[in-house]
Every structure is written in structure tokens, then in C-alpha cells.
2 protein chains.
Amino acid sequence: MSRQPALIRELKHRAARIRWMSLKSTAQAGSGHPTSCNSAADLLAALFFHVMRYDPQNPGSSANDRLVLSKGHAAPALYAAWCEAGYLTEEQVYTLRQMNSPIEGHPMPYLPFVDVATGSLGQGLSVGLGIALHQAKVMKNDARTFVLLGDGEMAEGSVWEAFALAAHLKMDNLMAIVDVNRLGQSRETMHGHDLRAYARKVEAFGWEALTCNGHDFEDILTAFQRALKVKGKPACILAKTIKGYGVSAIADLDNWHGKPLKPGPELDKALEEVAADLMKTPPKPSIPKPSATQAPPLASERPASFPPPPYAPDAKVATRQAVGDALLALGGADSRIWVIDGDTQNSTYSQKFADRYPDRFVECFIAEQNMAGIAAGLAARGLIPFGVTFGAFLARAFDQIRMSALSGLPVKFLGTHAGISIGEDGPSQMALEDLAFFRTLPNGAVLYPSDAVSAYGTILALARHNGPGYVRLSRPATPILYPVGEQFPLGEIKIIHAGKAPKLTVISAGVIIHEVLRALKDHPNAHQVQVIDLYCLKPFPTAQVAEAVGATGGRVVVFEEHAPAGGIGEAVATALAGKIREWTHVAVDRVPRSGPPEALLASFGLSASTIRERLTQLLA
Amino acid sequence: MSRQPALIRELKHRAARIRWMSLKSTAQAGSGHPTSCNSAADLLAALFFHVMRYDPQNPGSSANDRLVLSKGHAAPALYAAWCEAGYLTEEQVYTLRQMNSPIEGHPMPYLPFVDVATGSLGQGLSVGLGIALHQAKVMKNDARTFVLLGDGEMAEGSVWEAFALAAHLKMDNLMAIVDVNRLGQSRETMHGHDLRAYARKVEAFGWEALTCNGHDFEDILTAFQRALKVKGKPACILAKTIKGYGVSAIADLDNWHGKPLKPGPELDKALEEVAADLMKTPPKPSIPKPSATQAPPLASERPASFPPPPYAPDAKVATRQAVGDALLALGGADSRIWVIDGDTQNSTYSQKFADRYPDRFVECFIAEQNMAGIAAGLAARGLIPFGVTFGAFLARAFDQIRMSALSGLPVKFLGTHAGISIGEDGPSQMALEDLAFFRTLPNGAVLYPSDAVSAYGTILALARHNGPGYVRLSRPATPILYPVGEQFPLGEIKIIHAGKAPKLTVISAGVIIHEVLRALKDHPNAHQVQVIDLYCLKPFPTAQVAEAVGATGGRVVVFEEHAPAGGIGEAVATALAGKIREWTHVAVDRVPRSGPPEALLASFGLSASTIRERLTQLLA
């Protein structure tokens, strides 16, 4: 039986408005993706003006249903929808892609209705899963998360990581809507308009799949109605759409991805076609109010001080072991702390947190991209997530980590088993590039503790940092170097060995600090050496390092178990450029073998004995 | 009806030998994953001694069926199988994890039966797809590729990227075998022993799924028999196994991942149990010979010289445009050249190659991890693959790129649309970290041309480089700077502006070179400036840069559209550490906005006018 014609008439008007503004704003900007907006316009109209429950004047509220535009290149349609809802003015929409306008080419969180930046495809469903977890476990309200995906990005494996875990967690407050417009950027997608091909995959991954014609509101509303009734698992609507729908000159054609219409006749003709669905006197949008209420934002419950690190001065403890203790301390002090691991919790010690705070722990299994995407979603809703796994495997999630950093979110990562000191497992398990890529993150902190006390302290410091960051952790058990009361603020150093008459500054961190100290033990010229424990690489402690190096006449040697590029050496050489007189850099400059840690360190000149030889030469 | 008992008796013996050596070698090494070996031992015995057709004395042959051990941590079982086949001695097997032994903790290509390093999970099926493509399209023989996966890694999205494309390409010479032993590293997997859950996914992705008891040879052989008959699509065998099978003390138990048995009673008891299946007088293995013959390896058909780059001196051409022309020239000269793109061929210009050489082009759709894994598989079989997409999206494949570099494979990547000069599309599309991560690759070349002629030349140079590498390419059309005859060898520089009396060295590359040249145009002190076009960042042209910088008294300024970390600035500052007297570094030090390229460049001090101001200050 037919739905009230009035509603459908109005939704057609809203969709026409979305198409109108998308066509016009991209034409004026001279770039953008109007065809990708037009295929999604009817789905967005249904979401914004019938399905979603939200306060259009408070787009950031956790009481609202949330929307993630995973196909970020359709951003103009998203802006148009928020304009039609009354939050943005049409003037603002037409600042699309202008310098310093928040109306960017792809969605950025300068706008309160954007939780996480999108535009690198295949990430939105993981983000949505994180947001849905916040709704279900923190807000405990009945708010829902909707994720609008493109069919092209369904080829990204990260999407299937999110499908799998969302079903496993029975997240029926999460809904995926796939805009199946058949055309990718360069050609037809793998499945074209074969909705069944997508449905088979989605169902096999444990979701309820519904199909509809994405330009027939009867059909769209029926699909949403059914999808909203699905309980115990998430639902996915697969909508058959036409790229560029509504504009005969570009509809369903190749080579119209990411191309605006030309202002003038080309645009005018298109707007005229779209205008056919506009109402002369449209009603004010009747947007369903959120039934949920906005809970007070979680206050920091962080106490003045944390329990001291539980390590005896004479103990031998791996820095990765401090992960468990520090996360436990943080978790007890602040309910915003969440931990996400990828089936390594018994090696990373995140298990301690998982056992104590199971409701704030997410087991992602072996799916690092989804882990990082979920963390971004959680952080976007005010939580402080820690993603924990082997440092080597965080490389797998670099694109998701990059996007969460562009979003300015406080997503923290702890990478264990870094460097060659893991030994026999071999190079595939050794993080040797992690400092290089984490150091590129805007406003990202990068920490690299050398003992369990500093590991505990730096993880606490990273939790306090208002931004993303990384702590690099090691596998071997090493002696305690610092008293339990020692603090490890960002942007500072520790001089762990101050020679009486220093002529040479040694800079290192992590396990190698211990090799350096052993190298200096009973060394006749130990008094000529000063050793900096560079536990913080970013923000770089420029003044302190420069002063120390200046005191040794600009003579510096760096030892690090990282690739020569992007690690400690390059951070020091660049920060001190112009202040260095004599430079030695020992790093992992070729593919390491699989062998005992000591032998591996020696093979790269990073063992106590080989470091001792090197220092003897330099001091001769 | 029952199979000949003799065969099954023999296979049980082979499996017992594999378990015996796996238990013993890991116990002696004091580390490793014996339980993961034991679950797979029967599957490996069936593969090595009944299913696979290969020459055990020529493990690298392309005439052989190929095996990829995606669950690389079961390496000891792989070594044991090759020992039982007669290629390795038992003594060699027991050098497991000893320094400089090729019998490493995870498989490395020092061994001719290892095509690509595994150990970072979820990559083997993509590699296998690459190898299967080589068999089908280059060898054109009936050799097959078998990929043994663990159930834990089925959570990695990259696996599903490979499943999807292999079905799309109807690769019935590719077979996946999943060792479903229920237990991950830290806990039970998402699906435990639910083979149907995996079968539903595999079938939905277009494969034929078969299930079996992975410890019942009747069942295993039947599954292989049926799988080998599947035509027109790939087949996947899902085998229910027990982790640690055959050793009662560890079988099917938690907390036995990656733990060896203790030499002495614990090991002896286990070996005694396993020995029950050993034959007193085992027959010599009867290994099916490959029906295919090893074709002569593809000779390089590279001519003495390539056609010159087709650019008029007064033309404005984007460096990315040279991708199409250079790949076309390479493709015509050398049949080993393959190109793999991720639905960006119309923006990266790889379309030119795709149109001319469709049999050597692989469209991966939007799945960069699979793209990199396929490239590694192709390179392992002697081809020279170029992976092409936006530089920003190569971050998605960093782990696969890392593993192919550890494998020493000549996998080349071309990343377009690098830096903020892409403009309005915004930060999600801007590669700002690509130099940092590509510079970490062992033996990796990193090139960054500034005009179409040098882009053409550097892509040719990268093809000749015997190792991995990357060329960073830009979106904007820029003037031609070099004569078409100019060569661009690795490890050198071009002085694009030699001041008459240089007092300051400007180092840059790519689009920014043009901004620098415009900044110097009619600048009163242009004669005091020398400009280095650093088109090659790795191998770094240390001597040439040092000489040039020395000539300006160690005064250097670097302009780059990359994050401050890991790019041109840090490469220069480190290579010249101790030789720099005055240092200025201008880079993309915060999140860029979405806007016109000129405005974006200006906002970071990288436009002609802002560079001109900076130079005026420095020369004052």
C-alpha cells in the first residue's frame, strides 16, 4: 500500500535541493564530484528528513543519530543536506573548496556533524562501528549510527574487517547504506549493478542485507523501515543508483567522476532538469527529534596522581610489560580510556586492561585497519582510545592512522616488539619504520622509553597529550634505570650518563640505551661521554639536546634500532642542523636476519661490545 | 570407497616427520610456533607428497606448482617438508633461527622455495594471486599455486581483497587451504571451528568452498581431488584442525601459541607420541613431476635506448602525465614490465599502458594492499611490476610494501598527486608522508622529478634499479625544465640554477622547484643563490650535495611539500650533518586546508612569492 504522497513529494524536493546545491557548488568551485552526489541525493534526503533523529541546531550531540559519509567525495551533498536541515546557510555551502572555509573538498571535523575526516575510501564503516560502540556502551541510549558507503570502496578489505566485527558484536545500532552507482573513478566496478553479489557478501559476513532502487522513495523508505526493525545484527541497505542521476547529460556515463559542470549553459541546463522536483512552497522540514537525551559529557575523572609504577629497582622488566600496568592505572582513573587490540593482548600485556575493564576493551582480532578506524570513531565521541599491537603491524593501519591524525583526534598507539632486539622471529616482526611514519603525524607525540618506569611514565604522558601519538616499546627484559617517582614530560630528555669531562654526546633510546651503558662500564674514557636518553622524539626537545651537544663541542653519535631514515638520527640531525661538528649514525641499514638478539645487535654495531669499540675509536 | 592404504600410511609417516622436526627444531631454537606447525602437518604432507607437482631438487622452478605459506609462523613445518622431500638436510633444518642461517623464524626468500617473505599475516593470498597470474599469462603452463592460510589471518581485510579479485579473474590455477585450528595467538578466533561460517564468506566471494577434517587423510585427499576439478573459479579447502595436534600435552590448549617445548622430558614425551606414526622402512617419496616444462627465463628485451620523452620544450605537462608515456616505453621494450593500478588509471595515466598491453595490466579496483601483494608475487617470478595510484593511498599498502622490500624484490611504485599542490581535494588526498616511509625501505630508490622530462627519465631509471623503489609525482601542469636528451641516473643531482656568486644553496624538488625558480626571477640577488633539483633522495647524492653546499659556505635552505619528518629536509640534514652552518627548513608542518594550490602553497611559505620573501631575508 502506498505511503502518504505528501512525504514522498517533500523528499523529492529535498533531494532536488541537495542535487541543486551539489551541482552549483562544485561548478562554482571548478572541481568536485557532482555525479557522486547525485547518486546519493535520494538516500540522503530519506536519511535527513525521515529516518534520522537529530537536533539540526546541535549537530555534534551524542543524543543524535550519527552519520558517517564514508564516500567522502560526496561531501557537497552532505553540506547541502545540512543546509536544507537548517544548520548551514546556502552562502556557506557555496564557499565549497575556498581557502579556510570549513566546507572542504572532503569532510573534515571542523564541522560538528563530521566525526572523522573521510576521503580515503573504505574507512567509514570502522569509524561508524566505533561510534556505535560509544552509543551502546557509554551513552547507553537508543541513538543509531548510519554509514553511507560507495560501491567502489566495497573493494577495500578494511570494509570487510568492519563488517565482520560489527556482526560478531551484534551491533544492531549500526546501519550501512551502500550507494551502488555502478561506476568507479576509472571504469565500472567489479560487480556493476549486481546488488545480489553484494548482498551475498554482506549476508555471509553476518549482516541483514536489503536491496532497493535508490531513486524510488517508496522503495527506499520500505528498505529503511525493514532495516530499522532488524535486531541482534546490523543491517545493510544496498541501493541501486545512477551516477549523476537527474542530469541527462552526465547520468550513468564514464569519465564523469570528479568533474564539475561548467558554469553557464551546461550548469543552467542541469539545474533546470533538477528543478523539476522543487516545490513552490515547501513545508518546513519535520525532522524526528532524538528520543535519547544528551548525557553530560564524560568529565575527566583523572586524579592528581597515579599509583607509582610497580617495579623493584633491581628488577628486569620489558618496557612492553608496562603497557599492562599503565593502561590499568589509566583505566582506573579515567573512564574515557578504552583499549583496542588485534589478537596480541597476551604479548602486549593489554590483557590486564581487558580482564579488569572488559566493557572498555575491543578485541579486533587480526585486523589492524579496523582497529585504527574504531579508535578514531571512539575518539571522535570524546573517548581516549589506545590501539595496541606489535609496532610492525601498525604499518598495516598507517592510512587509517593518518586520517585520524588529520582529524585532530587523540588516538594513541602503543607498538610493542620494536626493532631487531626481538631476535629470532626475524624481520617480518620487527618494527623498523614505525618512528618514521608516526613522526609525520601533525601534532603527534612520539615516545620511546628505555625502561619500565619510563614506559609507564610516557604512556601516562601520552594519555594527557591533547592529540595523537605513539609509544615505541621493546620485547627484552631490561634493568630499571629510573626511580619510581621520576616524571617523563613530553619534549624533554634525560641525561642518563653525565661524564665528568664530556667530549662526546651519545644519543639513543630504548633497549640500545642499556647496550650503551654496558659499553661504558669500566671504559677508561667513560668520563668523556655523556649519554642522552631521548625518550621523547616529538615534540623534539631541541633546546635541551642542543645545550647538551653544545657542551661536547657538537660531537654527536646516535645509536638506534630503526631504519636510518625517519628515526632518532634524522630527528637529531635536523633539529641540530648547523650545531653539529662531528656526526656518527649507527642504525639498521639493511635487512636483519633471524637470530639471537645479542648477535643481531652486534651485526649492526648496536651491541655493548660493538658500541664500545666504536666509542673507543671516537674518543681516541 | 577407501583409498589405497599404502598411500595413507606413507602420508601419516611424512606428517609425523614434519611434526617431529618442527617440535625438535623449535625446542632446540628455544622459540617458534610448534603448535601452528602441528595443525598444518597433515595438510602439508598431502600437498608435498601427493598433490603438488614439483622437482624437489629445483624448488625455484616456474614449472613447479608453487606454495605460499601465508601463515609464515609455521615455517618449521615448511622446512621439514622440504627436508622430507629431499631438498634440505635434517642438519640444515636444525639450524632454525640461528644467526645467518637461511632457515629463519619466518620464511625468507634466501630459500628458493620461498617466493616472498611471509610472517605479517594476511598477505599470502595476494602474493599467490600474483604468482598464479604469472603461471597463467606468462608461463602459460598448467602449474598451480597453493596458498596455506591460518584461520586467524582470515580476519585481515587484505585476504578478502585477494579472494574478490581472484574470483573476478576466474583464477582456477589458484587454491587456498585454510588451517582452521580454532586458536589465535591470544584467544579463540571469531569463528572458532565453525567451518560453515568461513565457507559462506568464501562462496559469497565467488570461490568454491570445500571442507574436511584436516587430520583425516581420506577426507583431505577427497577435498583436494574435488578442489582440483573446480574450473572457472578458484577453490578453497577449509580444514578443521587441532592446534598442537599429535602432542597430548599441548593439543587444543590456550597459551600455547608461539611456545616451544622444553628440551628434555617434555620434548622427548612429545616426540615419542609423534613417532607412533613413523614407518620403520619408509618408501622413497614419490613426488609427482611437473607436467609443465620450465620455459627459458624471460630475457630482458630492453634496447640500448628508449624513445625520447615526447614533450615540447615550451609545453606545460604534469609529471604524472609522464607515467603513461614512460610505462608505455618500458612496456614496449621489456615484456617483464607489468602495471597494477587501483581504479585510478585515468588520473595516473597508467591507462595508456592498460590499453596497449592489457595482458600485462591488472586492475585491482580500490584495494591497494592486494595491489602490492600481487606485485610482490609477480616480481618473485621474475617480472618487473609497477604499482600505480595516488601517493596518499600507497600508505594503505605500507605493510605489504615493507614485506616485499624485506624480500629484496624489485617492486616499483609510482605515487601521483603528492603534496599540497593538488589543492581543493584537501588533505585526505595529499601524500605528505610518502617520502618518509619509502625512504625506510632497504635498497629502495626514491625519486622525485620536477618536470615531465625528468619524470620520464626517473621512471626509466627506477625500472633499471635492481630493487624496490618509488617515484613521487605531482598533479599540476608545470613547464619543461630539461632537454629531452637529459639523463637522470640514481644518486645524482641537477643544479637547475647556478648563481654567479652563490652564497646560499636552495634544495627542493617537484612542483616547488618551479616556485623557487619563479621566486628568483628578476630577484636582485638571484646570482647569490644556487638551486639543487634533488630528483633522487635515495641513494642520496651525498658527495654532490656536500660539494655544492660547501661552495656556499654551508648555508642551506630546503623547501618541500611534505611533512617536516622523513622528507627532503631530514635526508639533507642527516647526509650533511657536520657540514651545515646555517639551516632553514620550510615544509608542511600542520594539517593543510582545502583550497587553490597557489593559496595552499602560500599558507606554508612554499609559493613563489613567499619563497621570494624568505630568500630576500636570508640574503639580506
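A salt bridge is a side-chain nitrogen of Lys or Arg within 4 Å of a carboxyl oxygen of Asp or Glu. The views below show a predicted model.

**Figure 1. A salt bridge between A:R396 and B:D399.** In this pair the closest N and O atoms are 2.8 Å apart, a distance that falls within the 4 Å limit of the rule. Side chains of opposite charge can pair when their charged atoms come close. Across the interface of chain B and chain A, the rule finds 10 salt bridges. By class, the side of chain B that touches chain A has 39 nonpolar, 38 polar and 22 charged residues. A search of the whole structure, over all chains, finds 60 salt bridges.

**Figure 2. A salt bridge between A:E104 and B:R593.** The closest N and O atoms of this pair are 2.6 Å apart. Where do the two partners lie? A:E104 is found in the loop between α4 (90-93) and α5 of chain A, and B:R593 is found in the loop between β19 (582-586) and α21 (597-603) of chain B, so the pair joins two chains.

**Figure 3. The interface of chain B and chain A.** About 8100 Å² is buried between the two chains, with 55% of this area on carbon and sulfur atoms. Three residues, B:M190, B:R396 and B:R593, supply 10% of the area that chain B buries against chain A, more than any other three residues. The contact takes 99 residues from chain B and 99 residues from chain A. Across this interface there are 44 residue pairs in polar contact, both residues being at pLDDT 80 or more.

**Figure 4. The contact of domain 1 and domain 2 in chain A.** Chain A is divided into domain 1 (5-277), domain 2 (317-479) and domain 3 (494-619). The centres of domain 1 and domain 2 of chain A, taken over C-alpha atoms, are separated by 32 Å. In the contact, 27 residues of domain 1 meet 25 residues of domain 2. Between them these two domains bury about 2000 Å², 62% of it on carbon and sulfur atoms. On the side of domain 1, A:Q123, A:E161 and A:L165 lose the most area to domain 2, together 24% of what that side buries.

**Figure 5. Polar pairs between domain 1 and domain 2 of chain A.** The count of salt bridges between these two domains is one. A:R381 forms a salt bridge with A:D115, and their closest N and O atoms are 2.8 Å apart. Nine residue pairs are in polar contact across this interface, both residues being at pLDDT 80 or more. On the side of domain 1 that touches domain 2, the elements giving two or more residues are α5 (124-139) and α6 (157-168) of chain A. The largest share of that side, nine residues, comes from α5(A). By class, the same side of domain 1 has 11 nonpolar, 12 polar and four charged residues.

**Figure 6. Backbone details in loops of chain A and chain B.** Most residues other than glycine have a negative phi, and most peptide bonds are trans. A cis peptide bond joins A:K538 and A:P539, with omega about 0 degrees. A:P539 lies in the loop between β17 (536-538) and α19 (542-551) of chain A. In chain B, the peptide bond from B:K538 to B:P539 is cis, and omega is near -5 degrees. B:P539 is placed in the loop between β17 (536-538) and α19 (542-551) of chain B. A:R97, in the loop between α4 and α5 of chain A, has a positive phi, near 65 degrees.

Note on methods
Residues are numbered from 1 along each chain as its sequence is written. Chains are lettered from A and ligands numbered from 1 in the order in which they are written. This is a predicted model: local features need pLDDT of at least 70, side-chain atom pairs count only at pLDDT 80 or more; totals for chains, interfaces and linings use all residues. Side-chain values use heavy atoms; hydrogens and water are left out. Contact means heavy atoms within 4.5 Å. Buried area is the accessible area (1.4 Å probe) that two parts lose on being put together, summed over both. A polar contact is a pair of N or O atoms within 3.5 Å; within protein, one must be able to donate a hydrogen and the other to accept it, and residues adjacent in sequence count only if both atoms are side-chain atoms. Ala, Val, Leu, Ile, Met, Phe, Trp, Tyr, Cys and Pro count as nonpolar, Asp, Glu, Lys and Arg as charged, and the others, Gly among them, as polar. Domain bounds come from an automatic or database domain assignment. Helices (H or I, at least four residues) and strands (E, at least two) are DSSP runs, numbered from the N terminus.
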